[in-house]
There are 2 protein chains.
Amino acid sequence: MSTQQAELPQRLREACAVCSLKELCLPRGLDGPDLMRLDTLVERRGPLHEGDHLFRVGDGFQALYAVRAGSCKTYTVDSEGREHVLGFHLPGELLGLDAIYPGRHLCNAQALDTAVVCVLPYEQVSDLAGQIGGLRSQLMRLMSKDIADTAALAGDFTAEERLAAFLNGLSERFRQRGYSPVEFQLAMSRRDIANYLRLATETVSRVFARFENDGLIAVNRRSVRLLDLPRLRRLCAAMTGMRG
Amino acid sequence: MSTQQAELPQRLREACAVCSLKELCLPRGLDGPDLMRLDTLVERRGPLHEGDHLFRVGDGFQALYAVRAGSCKTYTVDSEGREHVLGFHLPGELLGLDAIYPGRHLCNAQALDTAVVCVLPYEQVSDLAGQIGGLRSQLMRLMSKDIADTAALAGDFTAEERLAAFLNGLSERFRQRGYSPVEFQLAMSRRDIANYLRLATETVSRVFARFENDGLIAVNRRSVRLLDLPRLRRLCAAMTGMRG
DNA sequence: CCGCCGAGTTGACGTAGGTCATGGGCCGCT
DNA sequence: AGCGGCCCATGACCTACGTCAACTCGGCGG
């Protein structure tokens with residue numbers, strides 16, 4: 001009992017303050033006791049190493065995962081062997097929502113670097129969502145956001161619009177998490193970016209080069225500096241306008 | 001009181017048996033009393049006429065909508081004036097899930113023909129979802145499915161794969177609703193199909209023609225007959241394989 | 001019945017981005 | 001230090017699809 005009481009704050013810090021439970025709970029103001037109840041569900045898993053899989057296509061769906069540290073990509077491989085990257089997940093973001101419907105994972109989730117995740121057993125989270133309105137509504141909001149984001153990516157846009165939106169989105173996400181929105185390291189390869197944006201890696205390279213020539217960004221391998229955010233925003237206005 | 005009691009079965013039939021509440025409730029076996037409680041929430045709206053809007057970008061999010069008769073499309077117009085069709089909605093399908101997150105509608109919803117919808121006030125549905133586990137889980141499943149479907153559309157596929165997947169998906173949806181899976185009317189124009197699949201209308205025309213020449217389908221304006229389902233399925237295996 | 005109009009089709013041509021091929025640079029391994 | 005492998009970049013060329021333009025067809029109003 002006393003060990004449990006001692007453990008709670010630790011897990012609370014990890015799960016709620018660092019990973020997406022913060023995002024899950026705080027916006028609708030869950031209070032201390034509710035956070036505690038949520039906290040008791042959370043397990044940590046990791047560290048995963050670069051290339052390790054968190055789950056694979058076909059795995060039974062048991063839990064949602066929240067990235068605590070490092071980053072992951074989710075992807076599928078189609079019957080022609082082409083890889084489609086569905087998303088990149090930074091600390092504080094949730095994985096696995098698309099597996100709820102069929103009850104098994106439709107994509108693979110792989111660590112892009114050393115990563116730690118929180119495991120959220122779905123049945124229990126769902127039960128708790130029944131009891132706590134704020135949690136329920138926040139889960140719905142997250143899923144809703146996923147739909148809108150994916151729809152934006154599905155749109156018909158040029159390579160430049162896509163890459164600009166990608167950089168802009170990353171910048172925004174880093175900013176929200178307290179990191180620099182103008183200078184960051186890419187966790188993913190050109191190949192991953194290309195498969196995410198539905199471009200060839202060569203095209204990604206070329207557009208990066210073009211952006212650099214135009215003074216929009218400075219890029220060296222995986223480190224990126226955004227030099228002209230306003231212009232970058234204008235470049236992808238068409239895409240981001242779709243969702244906001 | 002007696003009028004209420006008399007009305008319930010009527011609305012129950014309309015909302016639960018015909019439109020997507022059936023889909024919402026039945027798979028997890030909601031029972032009579034639960035259905036009744038859900039039923040009291042439901043309002044009918046319509047008939048909408050071709051071209052009428054159910055909601056528009058920026059409208060406050062109040063309710064989800066379930067198509068009861070006819071069909072709708074959801075779409076956005078980006079800053080360059082290009083229209084992006086996000087989806088087509090047949091009787092029994094739910095609209096508006098992407099509006100939960102931002103609390104206002106991100107897309108327009110328009111009737112493709114004479115349509116009737118059921119209005120599901122979101123706050124009340126959400127409360128009820130807190131009380132009824134089956135409803136909650138079914139809502140989550142529907143959102144989850146939306147994510148996976150949109151992701152499939154976002155993938156990098158050829159015009160042929162896209163159109164084949166489109167026809168195949170329609171066929172499947174008609175079959176599920178008890179209509180012929182091989183012969184049906186398209187409610188939407190070539191232009192809508194093109195904007196949905198991210199192709200030019202001319203390309204849609206040409207691929208239709210190619211499919212017809214290859215003996216895959218017979219098509220005349222908006223009436224379609226699928227002549228070789230197995231081959232059609234093989235054509236879009238890459239795409240549908242992604243989600244299942 | 002005719003003339004109009006928008007939806008759909010078809011052909012000729014243009015282009016964004018894919019493909020293929022080459023080379024440089026960084027890293028880990030021996 | 002030297003080597004092999006992968007990631008990235010860049011140039012030359014190719015193609016799936018878009019664009020533009022002409023034409024057909026069916027529906028509707030007068």
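Which element gives the most to the surface near DNA strand D? Hold that thought. A quick reminder before we start: this is a predicted model.

Let's take the two protein copies. Lay chain A on chain B, and the RMSD is 0.0 Å. The operation is a turn of 180° with a shift of 0.0 Å along the axis. The two copies are thus related as by a two-fold rotation axis. Now the interface. Of the interface residues of chain A, 100% are also interface residues in chain B, so the copies meet through the same surface.

On to the DNA. There are 15 residues around DNA strand D. Those that come nearest are A:Arg190 and A:Ser205 from chain A, with B:Ala159, B:Thr203 and B:Arg206 from chain B. Look at the strand's side of this. Sugar and phosphate make up 57% of the strand D atoms that come within 4 Å of the protein.

What is the character of the surface near DNA strand D, in nonpolar, polar and charged residues? Seven are charged, four are polar and four are nonpolar.

Now some individual contacts, by chain B residue. B:Ala159 places a backbone N or O atom 2.8 Å from a phosphate oxygen of strand D. B:Ala200 has a polar backbone atom 2.9 Å from a phosphate oxygen of the strand. B:Glu202 goes to a base: a polar side-chain atom sits 3.1 Å from a base nitrogen of strand D.

Which elements give two or more residues to this surface? They are α8 (201–213) of chain A and α8 (201–213) of chain B.

Back to the opening question. It is α8(A) that gives the most to the surface near DNA strand D, with four residues.

Note on methods: Residues numbered from 1 in each chain as written. Chains lettered and ligands numbered in written order. Predicted model: local features only at pLDDT ≥ 70, side-chain atom pairs only at ≥ 80, totals over all residues. Heavy atoms only, no water. Near = heavy atom within 4 Å. Polar contact = N/O pair within 3.5 Å; in protein donor to acceptor, adjacent residues only side chain to side chain. Nonpolar A, V, L, I, M, F, W, Y, C, P; charged D, E, K, R; others polar. Least-squares fit on C-alpha atoms with pLDDT ≥ 70 in both. Contact = heavy atoms within 4.5 Å.
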